[in-house]
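Reader: I am new to this one. Please show me the structure, and then I will ask how each label is earned.

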Amino acid sequence: MPTAKLSTVTLDARDAHELAGFYLRLLGYCVRAGEPNWVLIGPPPGTEGLSLAFETEPEYVPPVWPTRKPGDQQMMMHLDVEVDDLEGETERAVREGARLAGHQPQDDIRVLFDPSGHPFCLWADESQ
């Protein structure tokens, strides 16, 4: 049985600290470690969740979603964030600096872009 465990997802950005601040506010996380061009954030002590790291990449190019033409920087991944109140949390994410995507492929999920242009999805588990 493998002993590997996924612990962190790292996102590039033009400003790692600025993007980390957005996700700190959105997720209620705290800073775990930092350097001038890198930040690690994660859930508060005693709670579970995946950590996120942000790395400054001066040549960062935001993805285009949905892809419109050959040569566009494609989305290579996105974050799914479960919320209790889809509409309320969508509004809060926008207040914190996210931008609602023009294309919404599903009624029960909201696609947004973080301040660096990474797409992410908010969704609520309606089965509970």
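Author: Keep in mind that this is a predicted model. Let us begin with a helix.

Reader: Where is R92 found?

Author: R92 belongs to helix α2, which covers residues 86-96. E89 is found in helix α2 too.

Reader: What makes the R92 and E89 pair a polar contact?

Author: Their side chains are joined at 2.8 Å. The cut-off is an N or O pair within 3.5 Å, so 2.8 Å qualifies.

Reader: Which residues does R92 touch beyond four places in sequence?

Author: R92 touches R25 and L26.

Reader: Why is E89 called partly exposed?

Author: Its relative accessibility is 23%. Buried needs under 20% and exposed needs over 50%, so E89 falls in between.

Reader: What does E89 touch, and how far is R110 from E89 in space?

Author: Setting aside residues up to four places away, E89 touches V83 and L122. From C-alpha to C-alpha, E89 and R110 are 9.7 Å apart, with their places 21 residues apart in sequence.

Reader: Now a strand. Why does V81 count as buried?

Author: V81 has 13% relative accessibility. The limit for buried is under 20%, so V81 meets it. V81 sits in strand β5, residues 79-82.

Reader: Which residues is V81 in contact with, leaving aside those within four places in sequence?

Author: L27, C121, L122 and W123. As for P63, which is 18 residues from V81 along the chain, the two C-alpha atoms are separated by 19 Å.

Reader: What makes S51 buried?

Author: The relative accessible area of S51 is 9%. That is under 20%, so the label is buried. S51 lies in strand β4, which runs over residues 51-56.

Reader: What is S51 in contact with outside its neighbours within four places?

Author: The contacts of S51 are S7, T8, V9, R32, L40, I41, G42 and P43.

Reader: Where is P105, and why is P105 called partly exposed?

Author: P105 is in the loop between β6 (99-100) and β7 (109-113). Its relative accessibility is 48%. Exposed would need over 50% and buried under 20%, so P105 is partly exposed. Away from its sequence neighbours up to four places, P105 touches W65 and V111.

Reader: Next, the cysteines. How many disulfides does a search of the whole structure find?

Author: Zero. To count, a pair of cysteine sulfur atoms must be within 2.5 Å, so no pair here meets that cut-off.

Reader: Are C30 and C121 buried or partly exposed?

Author: C30 has a relative accessible area of 25%, which makes it partly exposed. C121, at 12%, counts as buried. The line between the two labels is drawn at 20%, so the two cysteines get separate labels.

Reader: How many cavities of 30 Å³ or more are there?

Author: One. The largest cavity holds about 40 Å³ of space.

Reader: Which residues line the largest cavity?

Author: The lining consists of L11, Y23, M77, H78, L79, H118, P119 and F120.

Reader: How does that lining divide by class?

Author: Six residues are nonpolar, two are polar and none are charged. Tyr and Pro count as nonpolar, so Y23 and P119 go in that class.

Notes:
Residues numbered from 1 in each chain as written. Predicted model: local features only at pLDDT ≥ 70, side-chain atom pairs only at ≥ 80, totals over all residues. Heavy atoms only, no water. Buried < 20%, exposed > 50% of the residue type's maximum accessible area, 1.4 Å probe, protein only. Helix = DSSP H or I, 4+ residues; strand = E, 2+ residues; numbered from the N terminus. Polar contact = N/O pair within 3.5 Å; in protein donor to acceptor, adjacent residues only side chain to side chain. Contact = heavy atoms within 4.5 Å. 1 Å grid on protein atoms, 1.4 Å probe; cavity = no way out; pocket = protein on both sides within 12 Å on 5 of 7 lines; lining within 4 Å. Points joined across faces, edges and corners; volume = space filled by probe spheres on them.
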